[in-house]
Each structure stands twice: as structure tokens, then as C-alpha cells.
Amino acid sequence: MSELPIASPAPAPAPVARAALDPRPDLKAMTHAELAAWVASELGESRFRADQIFHWLHARGARDFDAMSNLSKPLRASLAERARIGGLALEDVMVAKDGTRKLLLRTAQGDRIESVLIPMDERITQCVSSQVGCKIGCDFCFTARMPLRRNLTASEITDQLLWAQHVLAEEGRGERVANLVYMGMGEPLDNYDNVVRSLRIIMDDRGQNISSRRITVSSSGVVPKLERFGHDVPVNLAISLNASHDAQRTELIPINKVWNLDKLIATLRAYPLQARRRITMEYVLLADFNDTADDAQRVAKLLRGLRCKVNLIPFNPWPGAKYRRPSPEAVDRFAQVLVDRGYTVTVRYSKGDDIGAACGQLDGNQVAAAV
Ligand code: SAH
Ligand code: SF4
């Protein structure tokens, strides 16, 4: 592990009491439509002003109203009086041997979260967090050791991308985030409104303008929310299947008791998929638990006819975990059964595990960095 010399000084976080009690609306958490409505009703200003403010916040990454140099001084003062710009403080940037960077970020209340930048084929994929902790409680996931502390706001989710672009710009190699995956800490569909709002902001062509084709949201299978999600935002969907039958899945993912495989797969069959898109079915491979050829056959049967591809994730260990990573042979055997039955299969060998940045190692606390 090393540290980037370029890590920017973190802006001092607002004092806890003030941040918690600040009643001013957070303009960075608003979609363009919400911001335009607020600018019209609160300031009596035109849509053009909303365009300018949105551009400053989401294209330029402005962190205070004073930076908005094409707005008049009185307008900036009026904005500062009535509104605030939320977000995160950047505390540190850790760099793994394989080039993966982990951004350590802090909320105004002092909670720490992580976001990971993964270099893949000359392009950078960013993995963002949606919650501090997670309440789904999956047995194999390190994040689950930490109870849900709170949902991240839309500005805190969006700010992970803005900080990443800032860090990459300072590195000076001309790199930018190309793909975004909501696979960090938290269950995105358990923080539905903020996640949907953050997606609308990030996809907006007046801001970061990241295409919906380049964004993937991963869920453990919160069925009622899934039914809405596909209609609300047309991004890619990944589902953590992780098991080949109900008893096995319930042991790993407690919500399977309520939304079992039948319900989940039926919902996915009805999911409004865009043309030429497929659902990614994620499957964490746990040695001697869900990695046999029989498991693979059951998975093939479960997914038959579903427009999907399968992403196998060999388990990433963390201290105290009761599962192990299967051998490469077991991974190949599992993959081959699916390939023989016509599935597209990829294996995700996680990056950045020397800095605790691999899937399921995020806990906001660097503890897994010791693995
Ligand atoms: N909460 C969402 C997204 C975050 S987890 C979800 O569960 O889908 C992202 C992916 O990492 C999920 O597919 C999850 O099953 C996987 N994962 C969690 N812990 C892991 C670990 N220790 N090793 C490998 N993959 C893990
Ligand atoms: Fe939450 Fe996903 Fe981890 Fe399960 S795997 S505890 S849903 S973050």
C-alpha cells in the first residue's frame, strides 16, 4: 500500500451539531428539475440560473457558492443564506499494487465511507457506496458486520464520483471515470429515493453525463423495489443470486425468507430491460458451500430463458469469516457447467484486496486492509 502525494487537503467537515441541524436545503442533492423548481420559487430566478448552478455543482464540482463566478455577488450571497452544498470530505487515497485506488471519505457527521476506483482495460470503473453499513446482513459480507448507520444522501452518493474525477484530474494522466457500479457499502434499493435521485443527477448531460449503459446497480433482491426500479431509471441491473436453492440462499441472505428465489426470478423475468441489455447475475463462490457442479446445474435451470449473464465472484476473505475461497479448478468447473448450457460467464477476480478494497471487504474502517 502506498499513498498518493496528490491527495487533496480535506475541507474541514461542518461541526456535527450544525450539520445535523442545518435546515437549509442541500442543492447538490437535487435533480435538475428539483433545482429549477427551487430556484424559481425561492429566488424568483429563471431556469437559466438553475442551469448555471447545476453546471457549477455537477460538471465543475464547486464546493461553495463563492466559486460560482458567473453569478452576481448578491445572488451568491442569497444562495448561501438560503441553501447549502452537501457532500463528503476526502480524507485519504490509498493505492493498491494493481493500481486500484480506495477513496476514504467522511460525512459531515463523521461517518466514514469508501469508494473504489478499479482500472480495467485502460478504463476506470468506480464502485460507489449507497449506505453507511447495511441492514441486509449477508453472512459472507464484511459490510454486514457493521449495522446500518444511515442512508447516504443523493449529494453524498454523487460526491463520490466528483471526488474521483478530482483525484484523477490531479494525477494528470487524462483519466476519467468511465463506468460506475453501485456495489460498495450498502443495499442501493434499501435507499431507493436517494439512489434514484443520484442516478438522475449523474446521468444528466448538464452534469457528469454518464450514460445509463455505463452504470450498474447491484441488489441483493429487494423484490418490491425492483418492480419499480426498472421503470424509474434505465441503468443496468445486477442481482446477487449467490445460491442455487432457497435453503442455501436463506442461510446467506436473510431477506430470501421473504423474497425467495421463485419471487425473485419471476420479478426478473418481468423486468423492463432495454434492448440488447442483460441482467448480470452475481454469484459469490464459497468453497464447499455453493460451488459444486450440482449447484451450477441448479443455477442453469433457475435462469433458463432469462436474459442474463453470470458473473462469478470467488469469495474475498476477511478476518473472522467462516467461508473460504474455492480453488481455481472449482471455479472453472462451475463456470464450465454454465458455459456448456449456453450462458455467458465471467469471473471477477477482485482487485485491490491488499488495501481492503475488494468486493465485500469495505467497512469504512480499513480493518480489512490487514488481510
Ligand atoms: N448490496 C448490494 C451491492 C453491494 S455488494 C448487493 O448485495 O448486491 C456487491 C457484490 O459483492 C454482491 O454481489 C455481493 O454478493 C458481493 N460480495 C459481498 N461480500 C463479498 C465477499 N466477501 N467476497 C466476494 N464477493 C462479495
Ligand atoms: Fe448488504 Fe450487499 Fe453486503 Fe448483503 S452483500 S450485506 S446486501 S452490502
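This tour moves through a predicted model, from its nonpolar cores to a ligand shell, a helix, an aromatic cluster and two loop residues.

**The nonpolar cores**

Begin by selecting Phe140, Tyr182, Phe229 and Leu303, the residues with the most contacts inside the largest nonpolar core, which has 81 residues. Then colour helix H5, residues 154-171: six residues of this core come from H5, the largest share. Apart from this core lies another, of 23 residues. To find this other core, select Met30, Trp38, Ala50 and Ile85, which are among its members.

Return to Phe140 and display its surroundings. Which residues does Phe140 contact once its neighbours within four places in sequence are left aside? They are Asn242, Leu252, Ile253, Val284, Leu286, Phe315, Trp318 and Tyr323. Keep Phe315 and Tyr323 from this list in view, as both return in the aromatic cluster below.

**The shell of ligand 2**

Phe140 also belongs to the surroundings of ligand 2. Select ligand 2 and, with Phe140, the other residues that surround it: Cys134, Ile136, Gly137, Cys138, Cys141, Ala144, Gly186, Glu187 and Ser220. Coloured by class, this shell shows six nonpolar, three polar and one charged residues.

**Helix H10**

Next, select helix H10, residues 293-302, and show the side chains of Asp295, Ala296, Val299 and Ala300, which are buried. Where do these residues lie around the axis of H10? They cover an arc of only 140 degrees and are therefore on the same side of the helix. The spacing follows a general rule: an α-helix has 3.6 residues a turn, so residues three or four places apart point the same way. To see what this side of H10 meets, add helix H8 (246-252), strand S11 (279-285) and helix H11 (328-340), against which the buried residues of H10 pack.

**The aromatic cluster**

A search of the whole structure finds five aromatic pairs. For one of them, select Phe289 and Tyr323: the ring centres are 5.5 Å apart and the planes stand at 70 degrees, so the pair is edge-to-face. Phe289 lies in the loop between S11 and H10, and Tyr323 in the loop between strand S12 (308-314) and H11, so this pair ties together parts that are 34 residues apart in sequence.

Now add Phe315. Its ring and that of Tyr323 have centres 6.2 Å apart and planes at 75 degrees, and this pair is therefore edge-to-face. Ring pairs thus link Phe289, Phe315 and Tyr323 into a cluster. Which of these residues are buried and which partly exposed? Phe315, at 2% relative accessibility, is buried, and Tyr323 is buried at 9%. Phe289 is partly exposed, with a relative accessible area of 21%, against a limit for burial of under 20%.

**Two residues with positive phi**

Stay in the loop between S11 and H10 and select Asp288. Its phi is near 55 degrees, a positive value in a residue other than glycine. At 64% relative accessibility, Asp288 counts as exposed.

Finally, move to the loop between helix H6 (192-203) and strand S9 (215-219) and select Asn209. Phi of Asn209 is likewise positive, near 55 degrees, in a residue other than glycine. Asn209 is partly exposed, with a relative accessible area of 46%.

Notes
Residues are numbered from 1 along each chain as its sequence is written. Chains are lettered from A and ligands numbered from 1 in the order in which they are written. This is a predicted model: local features need pLDDT of at least 70, side-chain atom pairs count only at pLDDT 80 or more; totals for chains, interfaces and linings use all residues. Side-chain values use heavy atoms; hydrogens and water are left out. A nonpolar core is a set of buried Ala, Val, Leu, Ile, Met, Phe, Trp, Tyr and Cys residues joined through side-chain atoms within 4.5 Å. Buried means under 20% relative accessible area, exposed over 50%, partly exposed in between (1.4 Å probe, protein chains only). Helices (H or I, at least four residues) and strands (E, at least two) are DSSP runs, numbered from the N terminus. Contact means heavy atoms within 4.5 Å. A residue is near a molecule or strand if one of its heavy atoms lies within 4 Å of it. Ala, Val, Leu, Ile, Met, Phe, Trp, Tyr, Cys and Pro count as nonpolar, Asp, Glu, Lys and Arg as charged, and the others, Gly among them, as polar. The arc is that of the directions from the helix axis to the C-beta atoms. Rings of Phe, Tyr and Trp (its six-membered ring) pair if their centres lie within 6.5 Å; planes under 30 degrees apart count as stacked, over 60 as edge-to-face and the rest as tilted.
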